[in-house]
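Subject: Structure handover

Hi,

Here is the structure I said I would pass along. Have a look at it first, and then read on for my notes.

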Amino acid sequence: MSNAHPELPAPPPLPAGGLRVVPLGGLGEVGRNMSVLEFDGRLLVIDCGVLFPEDHQPGVDLILPDFEYIADRLDDIEAIILTHGHEDHIGGVPYLLRMRRDIPVVGSQLTLAFIEAKLKEHRITPVTFAVKEGRTESFGAFECEFIAVNHSIPDALAVAVTTPAGTVLNTGDFKMDQLPLDGRITDLRAFARLGEKGVDLFMVDSTNAEVPGFVTGEQEIGPVLEGVFDQCDGRIVVASFASHVHRVQQVLNAAHSHGRKVAFVGRSMVRNMGIASELGYLHVPDGLLVDLKKIDTLPDDRVVLMCTGSQGEPMAALSRIANRDHKVSVGPGDTVILASSLIPGNESSVFRVINGLTRLGARVVHSGNAKVHVSGHASAGELIYCYNILRPRNVMPIHGEVRHLVANGALAVRTGVPPERVVLAEDGFVIDLVDGKASIVGAVPCGYVYVDGSSVGELTDAELKDRRILGEEGFISIFAVIDSSTGKIVAGPEIHARGFAEDEAVFDGILPQLSDSLEEAAAGGNVDTHQLQQVMRRVVGRFVSNRLRRRPMIVPVVVEA
């Protein structure tokens, strides 16, 4: 399997008649999925998602794909194709459309409804183009056939892109549930037909490639939920992704059969389920839904709250309920069901929420102790089926951390794909499909782009490091006034510390040494304030390191009088 060195050269010009693929996100992380296809000077974008920050990225709201590669080629983009409506595939669209508002946004009915609602908040009215499975549409030289795939959100699509250079099949996120709740299975007949014609590059979801066997069917969740409801006398709170229409449907069904009313909690849950219900993807029995404001007028054994926050997100409803920072409260006799899987990196946040809810007296049911969720991604057995059905000429695992991509590539090799035809790429790698062979030819700059409040892409890794130091090691400011003519200290030095367990009096011992060092430097003719500040930083830094075993952020200020 060809895996290039990180120090790859800039890519050469694309050979005439070749197809170029550049992943700008989603290869090496679970999120911010985005790929750019290029043929004959024109571009096609597939997906444009976001990645949610981890604990070591304090203050970051979202992480976007890096648009630098296409920033000066926006007019070459024929369309953005969205495979489905999850945030890790559509969340970055508003930020790309800010750069060029009239890029056609292509997707299925539900996907477009979700992205239009999101864009309304950004005050953007998109140019949309609705497609459905079984249809073929051309966007410039890119002929796109849309294929039904089964996932943890309705209306998901794979897309087969054909150009004179060959056919690329991108699965999007998918699994192969053979008895899905909506009866819409992954269209393996279409996969087989494409395989007969010839798939030159198979870009395939890797998220569950390390998991053996097959994903359990969604239908098996319903009876488990019913069983949990049977045992509950108090309130039931169910946390799920705000887009998992099928899981919400199962909760509505269980609530209805147990004579309970349901209230949606959380802005995105209310918005998405309203859209899904309006479009006929969610079937709500008459009189089942109640407004959250009326929930306290109902007895606890007649209530179900359907909320966001199953990944432990600090601002989502469930975390706030666990922290007693929400109008909804839970206590002894209540049951909380986390109806989702653990996304890698979120474990500690989720367990923190589970502990908080348990401390309040609630019983917490989650995928670790009951079958209340199944994954939306194909496991190894399903992926092997796909390789055997398609017999692709080249394989490029996408959507996953490096270990997932490698595991997926190994599955392809086991089914007979030559190892040199498995392309293990990462974000920013450039892959050319020329004469039926896909190979890595270089790399383009492709970093993390942080959304921090209203700033996009302005926060650097160095500034994030400063935030981590501030959060972990504390902050010290030092202030002194120097007479510029004599070099004598007129006022100070004063030291103020934040984030220290010790009393500020601990710094009294260093003040005489600090004064001596400053006057010594100034007496030597060194009255440049910047250099005097460095003297203060060195003296205090050495003291704090030796005495307190800390490396805080030190901000020295010297003023000339």
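Let me start with a side chain that turns back to the backbone: in T358 it reaches the backbone oxygen of I354 at 2.7 Å. Keep in mind as you read that this is a predicted model. T358 belongs to helix α10, which covers residues 347-359. How exposed is T358? Its relative accessible area is 43%, and because buried needs under 20% and exposed over 50%, T358 counts as partly exposed. If you want a distance to check in your viewer, take T358 and A322: their C-alpha atoms are 8.6 Å apart, with their positions 36 residues apart in sequence.

Now the overall numbers. The chain has 561 residues, and 55% of them are buried. Its secondary structure comes to 15 helices and 27 strands. The chain exposes about 23,600 Å², with carbon and sulfur atoms supplying 50% of that area. As for contacts, take those between residues at least 6 apart in sequence: 72% of them join residues at least 24 apart.

Next, a strand I'd suggest you display with its neighbours. Strand β12 takes in residues 166-170, and five of its five residues are buried. Which way do they point? G166, V168 and N170 go one way, while T167 and L169 go the other, and all are buried. That fits the usual pattern, since side chains in a regular strand alternate between the two faces of the sheet.

On one side of the pairing list, β12 goes with β11 (residues 157-163): the two are antiparallel and share five bridges. A hairpin of two residues makes the connection from β11 to β12. Within this pairing, V161 sits opposite V168 of β12. The other partner to look at is β13, which runs parallel to β12 and is joined to it by three bridges. Here L169 stands opposite F202 in β13.

F202 also leads on to the aromatic rings. How many aromatic pairs does the structure hold? There are four. One of them is F202 with Y387, an edge-to-face pair with 5.8 Å from centre to centre and 90 degrees between the planes. F202 is in strand β13 (residues 201-205) and Y387 in helix α11 (residues 380-390), so this pair links parts of the chain that are 185 residues apart. Both F202 and Y387 are buried.

Another pair brings together F214 and Y385. Their ring centres are 5.8 Å apart and their planes meet at 70 degrees; because that angle is over 60, the pair counts as edge-to-face. F214 lies in the loop between β13 and α6 (221-230), whereas Y385 is in helix α11, so the pair ties together parts 171 residues apart in sequence. Buried or exposed? F214 is exposed, at 51% relative accessible area, and Y385 is partly exposed, at 46%.

Last, the cysteines. How many disulfides does a search of the whole structure find? Zero. Two cysteines I looked up are covered: C307 has 1% relative accessibility and so counts as buried, and C386 counts as buried because its value is 0%.

Cheers

How values were computed:
Residues numbered from 1 in each chain as written. Predicted model: local features only at pLDDT ≥ 70, side-chain atom pairs only at ≥ 80, totals over all residues. Heavy atoms only, no water. Phe/Tyr/Trp six-rings, centres within 6.5 Å; stacked < 30°, edge-to-face > 60°. Helix = DSSP H or I, 4+ residues; strand = E, 2+ residues; numbered from the N terminus. Buried < 20%, exposed > 50% of the residue type's maximum accessible area, 1.4 Å probe, protein only. Disulfide = S-S within 2.5 Å. Polar contact = N/O pair within 3.5 Å; in protein donor to acceptor, adjacent residues only side chain to side chain. Contact = heavy atoms within 4.5 Å. Areas by Shrake-Rupley, 256 points an atom, 1.4 Å probe, with all protein chains shown as cover. Pairing = 2+ DSSP bridges.
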